[in-house]
Amino acid sequence: MALEPTVREAMLRAVPGLRAFAISLSGNVDRADDLVQETLVRAIAHIDSFQPDTNMSAWLFTILRNLFRSEYRRRRREVEDVNGGYEESLKSPPEQHGRIEFEEFRAALAKLPPDHREALLLVGGSGFSYEEAAAICDCAVGTVKSRVNRARKRLAELLAIKEGDEFGPDYTTRAILTATGRGVG
Amino acid sequence: MVKAEIIPTGKTPGLLNRHVQGKIGETLRAMFDEIVNEGVPDRFSELLGQIESRVSEQSKGSTAGSEAGAEGSDRPPCASNGDKEPS
């Protein structure tokens with residue numbers, strides 16, 4: 001029983017988005033790719049429970065999200081640096097623009113409670129609607145909205161506080177100036 | 001058509017906050033785009049084929065062997081307990 005070609009294609013099409021979500025969620029490329037792999041394994045094993053008229057991508061995100069959560073609960077007992085290993089595991093050389101900006105951003109993301117982080121990533125990064133995100137997280141739409149808001153607020157605080165001056169140059173400009181070696185004095 | 005209904009609550013933090021919020025959204029999308037643009041690593045397309053055959057072997061049970069032999073490849077299918085020749 002091979003996969004329907006359309007199902008197979010839909011799965012592969014979802015992979016880049018799944019990786020983006022998993023990398024941002026876990027902060028580690030290798031761990032994220034393992035998560036995506038395990039997601040595909042489970043999806044194929046349970047392909048019978050996939051409703052053809054529904055969104056393959058959302059279904060896969062649900063599986064990945066649940067895998068991450070159970071793994072997270074397991075790992076919590078161990079000492080873990082959620083952001084550790086990201087740079088070492090980068091496959092491609094850092095791009096000139098934005099690397100430092102992303103680093104700073106990822107560090108801030110890692111400080112968010114997992115519930116808030118996943119909600120923000122699904123809505124702000126993956127582009128799901130609040131309703132879709134609520135279905136993926138198995139919670140109420142209002143809960144997703146409040147988690148996203150709190151995540152945004154906390155991120156803003158974290159990134160602003162890092163500037164040391166809430167009205168100072170925004171962190172992006174500063175990061176780009178630093179990256180291009182012009183410094184900010 | 002789209003009416004901007006953003007009315008500051010009367011305090012500067014609202015303005016600053018919106019600025020930072022905009023940056024957060026941009027950074028998040030840029031971060032995702034960068035990864036999405038890497039496309040599908042070979043690992044996953046290969047994996048999909050492998051899982052498919054593994055899953056179908058599991059679901060087909062004992063009939064799995066007959067297909068593998070049909071191509072007449074010089075490599076034996078994955079070593080299973082019984083087939084291995086003692087060396």
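The paragraphs below walk through a predicted model with chains A and B, from overall make-up to individual side chains.

A good place to start is the make-up of each chain. Chain A contains 8 helices and 0 strands, and its elements, read along the sequence, follow the pattern α-α-α-α-α-α-α-α. Chain B likewise has 0 strands, with 3 helices that run α-α-α from the N terminus on. Of the 185 residues in chain A, 46% are buried; for the 87 residues of chain B, the figure is 22%. The exposed area of chain A comes to about 9,400 Å², with 49% of it supplied by carbon and sulfur atoms. Chain B exposes about 6,700 Å², and there carbon and sulfur atoms supply 53%. Within chain A, among contacts with a separation of 6 or more, 66% are made by residues 24 or more positions apart.

Attention can now turn to the interior. The largest nonpolar core has 64 residues, and the members that touch the most others are A:Met11, A:Leu40, A:Met56 and A:Trp59. Helix H1 of chain A (residues 5–26) gives this core its largest share, 12 residues. The surroundings of A:Met11 are worth following in the model. With its neighbours within four places in sequence left aside, A:Met11 is in contact with A:Leu40, A:Met56 and A:Trp59. Its contacts also include A:Leu3, A:Ala43, A:Ile44, A:Ile47 and A:Leu60. A contact in the other chain, B:Leu48, completes the list for A:Met11.

Helix H5 of chain A offers another view of the interior. This helix spans residues 114–125, and 10 of its 12 residues are buried, so H5 is largely enclosed by the rest of the structure. Its buried residues include A:Leu120, A:Leu121, A:Leu122 and A:Val123. Also on the buried list are A:His116, A:Arg117 and A:Glu118, together with A:Ala119, A:Gly124 and A:Gly125. After H5 comes A:Gly127, which has a positive phi, near 80°.

Aromatic side chains come next. Over all chains, the structure holds 4 aromatic pairs. One of them joins A:Phe61 and A:Phe128 in an edge-to-face arrangement, with 4.8 Å from centre to centre and 80° between the planes. A:Phe61 belongs to helix H3 (residues 56–75) of chain A, while A:Phe128 sits in the loop between H5 and helix H6 (130–137), so the pair ties together parts that are 67 residues apart in sequence. Both A:Phe61 and A:Phe128 are buried. Ring pairs also bring in A:Phe21, linking A:Phe21, A:Phe61 and A:Phe128 into a cluster.

Finally, the cysteines deserve a look. A search of the whole structure finds 0 disulfides over all chains. For A:Cys137, the closest cysteine sulfur is that of A:Cys139, and the 5.1 Å between them is too far for a bond, because a disulfide requires sulfur atoms within 2.5 Å. Seen from the other side, A:Cys139 has its closest cysteine sulfur in A:Cys137, at 5.1 Å. How do these two cysteines stand with respect to the surface? A:Cys137 has 6% relative accessibility and therefore counts as buried, whereas A:Cys139, at 21%, counts as partly exposed. The cut-off for burial is under 20% relative accessible area, so the 21% of A:Cys139 places this residue in the partly exposed class.

Conventions
Residues numbered from 1 in each chain as written. Chains lettered and ligands numbered in written order. Predicted model: local features only at pLDDT ≥ 70, side-chain atom pairs only at ≥ 80, totals over all residues. Heavy atoms only, no water. Helix = DSSP H or I, 4+ residues; strand = E, 2+ residues; numbered from the N terminus. Buried < 20%, exposed > 50% of the residue type's maximum accessible area, 1.4 Å probe, protein only. Areas by Shrake-Rupley, 256 points an atom, 1.4 Å probe, with all protein chains shown as cover. Core = buried A, V, L, I, M, F, W, Y, C linked by side-chain atoms within 4.5 Å. Contact = heavy atoms within 4.5 Å. Phe/Tyr/Trp six-rings, centres within 6.5 Å; stacked < 30°, edge-to-face > 60°.
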